[in-house]
Each structure stands twice: as C-alpha cells, then as structure tokens.
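This report covers charged side chains and how they pair. The sequence and the model come first.

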Amino acid sequence: MDGPIRRRRARPATYHHGDLRAALLGAAETILERDGIQALTLRAAARAAGVSHAAPAHHFDDLTGLLSELAAVGFVRFGVRVAAATAAAAGGPRSRLQAMGRAYVAFARAHPGLFQLMFRSERLDATRPALRDGLAAAGQALRRAVAARASRALSPGQVAAEAAAAWSLAHGFAVLLLDGRLRPLIAALPRGGSADALLEAVFAVTRVGRGTAPARPRR
C-alpha cells in the first residue's frame, strides 16, 4: 500500500528584477510616452513593472522623485546623442551647430513625453543628485557644440549670445513642432515638405554659427 501523498506548499508568486530601479524607470517611461504624464503614478509604474505598490517609494520616495530620476535619464541620453552628432559633423563650427540642432529636434521627436518632462521644472526636484548630474552632462554637450566659436575674434559675451541663440533656435523649434504649431508652415513648403526640410530652411536663413559681426566704430 502506498504511503501518504505529500502535498507541496504553493510558493508565493514573485517577480525578480536584476535592477529594480531601472525596471521601474523603464516602466515609467513607457507609461509617459504612451499615456502622458497625467497617467504616470507610483502605482502605475509598479503595476507595469510587476512589483508591489510599495516598491517605487523605496527607490524614489514619491512621484516627484520618480519624475526627477526619469528626467535625469533623459538628460544623460540627450547629452550623449548631441555629443555624438556634434563629433560626427564634418565642416566648420556652423556645421557642428546645425548637427546639434538636428540632434536636439530628433531627440524631441523620438521621445516627446520624456523631452517635455525634462523641461517641466515645476514637476522636478532639482536638488536630486541624479538630475543635477544629468543637467550638467547635457549642458556640457551643448557647450561643446558652441566651443568652436570661442576664438579670439569673439568676446565671451558674443560666445554666450551665440550659444543662447543656437539653444533657443533648437529648443523653440522642437517645442513648436511637438505642439503642432508648425504644421501650417510645413504645409506651405514645396511638395514633399517635412519638418526636417523646414528645419534646414531655418538654418539657411539664420546667422547662428556664422559668428557675430564686429561692431563698426562710431564716427
């Protein structure tokens, strides 16, 4: 006669992550891009990552922390993309600034939710080290794109003005494009016009990267 049948206890289902923090950030970015920032909560990120609702708080404290850390990831990724585009650009300083502008706009188009979050300062905690480091990395990449203009022919003030002009052009174009404000202008381009074609046309009519003309002496 067979002995008593031993039943195994059911083990609680668990979800293992090699890097829980990265998994939560990845889940948060997916929600952000798919559903918008209004849908991104700690609970939503936890649910998407397959972990307990309490898990995000251990890594990010609160929703502001999660958003800030996600923005930091965006700034680092953005800085890498801008730096690579600038380094690969052939030609002079103007070509490098245009490459920076193209990379800037391309990043915004590829990651619209993340891009908009990165500049939503009211939703971020600027004191978090990761966000400070991410901002520094992105700023360094932008400064390198303009560094070639820092010659003896330009004063520090002129270099700063040119950096601000290049940044304003790229950021303004990206924001207007994401908001749909450039559609009438794109539609007005010759047949086959696109956002890329409009950006190239903007480069053609601006002085960014050409240097500042020296002031004429007063008579």
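## Charged side chains

Arg94 is buried (under 20% relative accessible area, 1.4 Å probe, protein chains only; exposed is over 50%, partly exposed in between) yet has no salt bridge (a side-chain nitrogen of Lys or Arg within 4 Å of a carboxyl oxygen of Asp or Glu). The nearest side chain of opposite charge, Glu162, is 7.7 Å away, with Lys and Arg counted as positive, Asp and Glu as negative, and His and the chain ends not counted. Arg94 belongs to helix 5 (residues 93-110); helices are DSSP runs (H or I, at least four residues) numbered from the N terminus. Its side chain reaches the backbone oxygen of Phe203 at 2.3 Å and that of Thr206 at 3.4 Å.

This is a predicted model, in which local features need pLDDT of at least 70 and side-chain atom pairs count only at pLDDT 80 or more, while totals for chains, interfaces and linings use all residues. Residues are numbered from 1 along each chain as its sequence is written, and side-chain values use heavy atoms, leaving out hydrogens and water.

The structure holds eight salt bridges, including these:

| Acidic residue | Basic residue | N to O distance |
|---|---|---|
| Glu69 | Arg21 | 2.4 Å |
| Glu29 | Arg77 | 2.9 Å |
| Glu200 | Arg102 | 2.6 Å |

Glu200 lies in helix 10 (residues 195-205) and Arg102 in helix 5, so this pair ties together parts 98 residues apart in sequence. Glu200 is partly exposed at 34% relative accessibility, and Arg102 is partly exposed at 35%. Glu69 is buried at 7%, whereas Arg21 is partly exposed at 32%. Arg21, Asp61, Glu69 and Arg128 are linked in a network of salt bridges.

Note on methods:
Helix = DSSP H or I, 4+ residues; strand = E, 2+ residues; numbered from the N terminus. Polar contact = N/O pair within 3.5 Å; in protein donor to acceptor, adjacent residues only side chain to side chain.
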